[in-house]
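The following paragraphs guide the reader through one protein model, from the burial of its residues to its pairings and its pocket. Please keep the sequence and the structure in view while reading.

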Amino acid sequence: MKDSMWGYLIVFLGVLAMGVIWFIANSTRTDQHNYNLLKETVESAMYDAIDLSAYRADGSIVMDEEMFIKSFTRRFASSADLSNQYKIEIFDINEKPPKVSLKVSSKQETTSTGEVVEFDLVNNVDAILETTY
């Protein structure tokens, strides 16, 4: 009887350890996905928002703020994980030189211990568009 209880304890601890490992791996994967998505989306949206008429007129690179916001939200929404809720905060947009500062946050939660545990995943990006002309 005593040996079987040790067996049950080892099995229980193994299942608990696998649950913790799964949650940490899932949080890390979600954070990495959010960061890569944010970085690539900001870069693409900045290229989309370049004002071609100003570039053709005098060669200056100017970004249209409204076009950037439209392009960024469209691209981010099309590639984001649908099981998460995201909060996008845009802090600064400069049109000349093209510069953007923004933050995307989402929440991860688990109920493995019987109570809800939440983690905030926050990614910040400060991007300056550099081109050769």
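A residue counts as buried when its relative accessible area is under 20%, as exposed when that area is over 50%, and as partly exposed in between. The model to which this rule is applied here is a predicted one. Of the 133 residues in the protein chain, 29% are buried.

The overall plan comes next. The protein chain contains three helices and three strands, and from the N terminus on its elements follow the order α-α-α-β-β-β. Confidence in the prediction can be described for the chain and for its elements. The mean pLDDT of the protein chain is 81, and 88% of its residues reach 70 or more. Among the elements, α3 has the highest mean pLDDT, 88, while β3 has the lowest, 78. As a general caution, predicted coordinates should not be read in detail where pLDDT is low.

Helix α3 is a suitable place to begin a closer reading. Phe68 and Phe72 stand four residues apart in this helix, which spans residues 65-79, so about one helical turn separates them. Both side chains belong to buried residues: Phe68 has a relative accessible area of 0%, and Phe72 likewise counts as buried because its relative accessibility is 0%. Further along, the ring of Phe72 also faces a second partner, Phe76; the ring centres are 5.7 Å apart and the planes meet at 25°, so this pair is stacked. The reasoning rests on the rule that planes under 30 degrees apart count as stacked. Phe72 and Phe76 are again four residues apart in helix α3, about one turn of the helix. Phe76 is buried as well, since its relative accessible area is 3%.

How many aromatic pairs does the structure have by this rule? The count comes to three aromatic pairs. In the pair of Phe68 and Phe72, the ring centres are 5.9 Å apart and the planes lie at 20°, so these rings are stacked too. Taken together, ring pairs join Phe68, Phe72, Phe76 and Tyr86 into a cluster.

Charged side chains provide another set of contacts. In general, side chains of opposite charge can pair when their charged atoms come close. The structure holds six salt bridges. One of them is formed by the side chains of Asp48 and Arg75, with a distance of 2.8 Å from N to O. Because Asp48 lies in helix α1 (residues 2-48) and Arg75 in helix α3, this pair ties together parts that are 27 residues apart in sequence. Asp48 is partly exposed, with a relative accessibility of 29%, and Arg75 is partly exposed at 29%.

Glu89 takes part in salt bridges with two lysines. Its side chain meets that of Lys87 at 3.8 Å, N to O. Lys103 also forms a salt bridge with Glu89, and here the closest N and O atoms are 3.7 Å apart. Since Lys103 lies in strand β2 and Glu89 in strand β1, this second pair ties together parts that are 14 residues apart in sequence. At 23% relative accessibility, Glu89 counts as partly exposed; Lys103 is partly exposed as well, with a relative accessible area of 22%. Elsewhere, salt bridges that share partners unite Asp48, Arg74 and Arg75 in one network.

The loop between β1 (86-94) and β2 (99-110) deserves a separate look. Pro97 is found in this loop, and the peptide bond leading from Lys96 to Pro97 is cis, with omega near -5°. For context, most peptide bonds are trans.

The tour ends at the largest pocket. About 160 Å³ of space lies within this pocket. Its lining consists of Tyr35, Lys39, Val42, Glu43, Met46, Tyr47, Val125, Asp126, Ala127, Ile128, Leu129 and Glu130. Two elements, α1 and β3 (117-128), each give two or more residues to that lining. Which element supplies the largest share? That element is α1, from which six residues come. By class, the lining has eight nonpolar and four charged residues, and no polar ones.

Terms used:
Residues are numbered from 1 along each chain as its sequence is written. This is a predicted model: local features need pLDDT of at least 70, side-chain atom pairs count only at pLDDT 80 or more; totals for chains, interfaces and linings use all residues. Side-chain values use heavy atoms; hydrogens and water are left out. Rings of Phe, Tyr and Trp (its six-membered ring) pair if their centres lie within 6.5 Å; planes under 30 degrees apart count as stacked, over 60 as edge-to-face and the rest as tilted. Buried means under 20% relative accessible area, exposed over 50%, partly exposed in between (1.4 Å probe, protein chains only). A salt bridge is a side-chain nitrogen of Lys or Arg within 4 Å of a carboxyl oxygen of Asp or Glu. On a 1 Å grid over the protein atoms alone, a cavity is a set of points where a 1.4 Å probe fits but cannot get out, and a pocket is an open set with protein on both sides within 12 Å along at least five of seven lines; lining residues have an atom within 4 Å of a point. Grid points are joined across faces, edges and corners, and a volume is the space filled by probe spheres set on the points. Ala, Val, Leu, Ile, Met, Phe, Trp, Tyr, Cys and Pro count as nonpolar, Asp, Glu, Lys and Arg as charged, and the others, Gly among them, as polar. pLDDT is the predictor's confidence in each residue, from 0 to 100.
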